Amino acid sequence: ARNNPYALEETVNQLNGRRILDLLGKLGLVKSYYLEDFGNELDLDQAKRLILEGKVFIELVAGGAASRMQESLLTEEVKLPIGECRLWGLDIFKIQNLLNRQREASQKPIYPIPDFAKSISLGVRELLALKRAVEDAFTDSTERTEAFKHLVIVIHIEDDIQTMVEKELVEHNFFGFNPENIILVNGGWGDSFIVTNGKVARIRQRVTWNHGYALLELDWIKGYTLDKTGARKSLNESNESVFDHLEQKGAEIGILRRINDLFLLYPPLALDIGMLALFRYLSKARGANVIAEVMTNPTAQKGGLALRVAPQERFVVLLEGLAIKLGAIDKELSNLTEQAKKAGLPGIPYNRMYMLYELKAVRDAIRAEHGIAMSLKYSRDKYEGMLSPEIPSGDITYLRGMNALAVARRKDALIDNGVLPLDKDYTI
């Protein structure tokens, strides 16, 4: 690295792409199972019973840094305090007002804000939508009470938003859910490393290690809950992990989701009973223990892509952006993109980061392989380079024992119901 500033970056690219290099020539377009195609084959009542019996937990990744949004705002000379950049704390109303003030000062057109818009954090919006979804899905008052009592929610947080999250949960009376079943996990982050004078050294600069690490560490990290006054309560006096606690409660299925997912702010999609039913169907009919929703790729981007390993129709791998920076991989993806276009798709379908998984299967696979293979993020700054682990959740699809299937939707509820206008660059 001392003689060639690009040598380290190339080494990191080789490291991140090592698994894909082994698969070159074997990758093919994924088979997607469309939710709408199964109709009456899906048992929606059974899916609801899973929630009533406490067998389902929703996993919210809430502590991400929203770095791409920050970069976009900086082009408009808008900078947010660190806590307000974390996903839970994003207040779109406030951001839009700040942006408009800056644009007005620069004599640029402002963005209209509807009169009904409110200043609410993204985390609160998400849980309000989930609350409404539970109310709509369980019309029987007894079942509704049981659903609010037994649905488990795991929220990944970090230091900058911990107090905010706790305060908003208490202020909203936990959105009607059982406080003992809202589990807070402060994690998903770690130190970064610098390269200077040809040597690697750890520095105390905490950065996100990505949602895959947040998922992985549930196998050892301890979480906590709050009582109704906001006092913290450890899950258990023993050293049990969050996964231990979930298994002891009888949880079987996890739903990993991004908090900054517009679908999940729309109550008819916030609980998604149909997708839960599809997972149970594919588990029995195809042996799936993970399903990952994929979406149409209108701009043919090369990152977060869903592919299969030929000739195994049922084995899906998710290729994240860090893993595809080598020329040989880029060439393979270009060829596959052309295949997708010939099949009538704009590009290779990409990962929504909406994944349902069997807790025991994922935990067993993680333990059997001693974790998930490391990916690294590299950036140049005042040092010769900075490194930090960057582990995507989609990488669990590479673990032995994972039978991952891709699922998709033929209809877009947001467009069909007038929430969003039809747009050539936005469609599922």
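**A friendly look around**

Visitor: Where is the place of Asp272?

Guide: Welcome! This is a predicted model, and our tour starts at a loop. Asp272 comes before helix H12 (273-286) and after helix H11 (267-270). Its place is therefore, with helices as DSSP runs, in the loop between H11 and H12.

Visitor: What is the phi of Asp272?

Guide: Most residues other than glycine have a negative phi. Asp272 is not a glycine, yet its phi is positive. The value is about 60°.

Visitor: Is Asp272 buried or exposed?

Guide: A residue is called buried under 20% relative accessible area. Asp272 has a relative accessible area of 7%. That value is under the cut-off, so Asp272 is buried.

Visitor: Where is the place of His370?

Guide: Two elements frame this residue: helix H14 (359-368) and strand E15 (376-379). His370 also has a positive phi, near 55°, in a residue other than glycine. Its place is in the loop between H14 and E15.

Visitor: And is His370 buried or exposed?

Guide: Here the cut-off to know is 50%, as exposed means over that value. His370 has 76% relative accessibility. This is over the cut-off, so His370 counts as exposed.

Visitor: Let's go inside. How many cavities of 30 Å³ or more does the structure hold?

Guide: Rolling a probe the size of a water molecule over the atoms shows where empty space is left. The largest cavity has a volume of about 60 Å³, and the second largest has about 30 Å³. The number of cavities of 30 Å³ or more is two.

Visitor: Which element gives the most to the lining of the largest cavity?

Guide: Helix H1 (7-23) and strand E13 (312-319) each supply at least two residues of this lining. Among the lining residues are Asn16, Arg19 and Ile20, whose numbers fall within H1. With three residues, the element that gives the most is H1.

Visitor: How many charged residues are in the lining of the largest cavity?

Guide: Asp, Glu, Lys and Arg count as charged. The lining includes Arg19, Glu320 and Asp395. Beside seven nonpolar and two polar residues, the number of charged ones is three.

Visitor: Which strand gives the most to the lining of the second largest cavity?

Guide: The residues lining this cavity include Asn351, Met353, Tyr354 and Met355. By class, the lining has six nonpolar, two polar and no charged residues. Residues 350-358 make up the strand that gives the most, with four residues, and that strand is E14.

Conventions
Residues numbered from 1 in each chain as written. Predicted model: local features only at pLDDT ≥ 70, side-chain atom pairs only at ≥ 80, totals over all residues. Heavy atoms only, no water. 1 Å grid on protein atoms, 1.4 Å probe; cavity = no way out; pocket = protein on both sides within 12 Å on 5 of 7 lines; lining within 4 Å. Points joined across faces, edges and corners; volume = space filled by probe spheres on them. Buried < 20%, exposed > 50% of the residue type's maximum accessible area, 1.4 Å probe, protein only.
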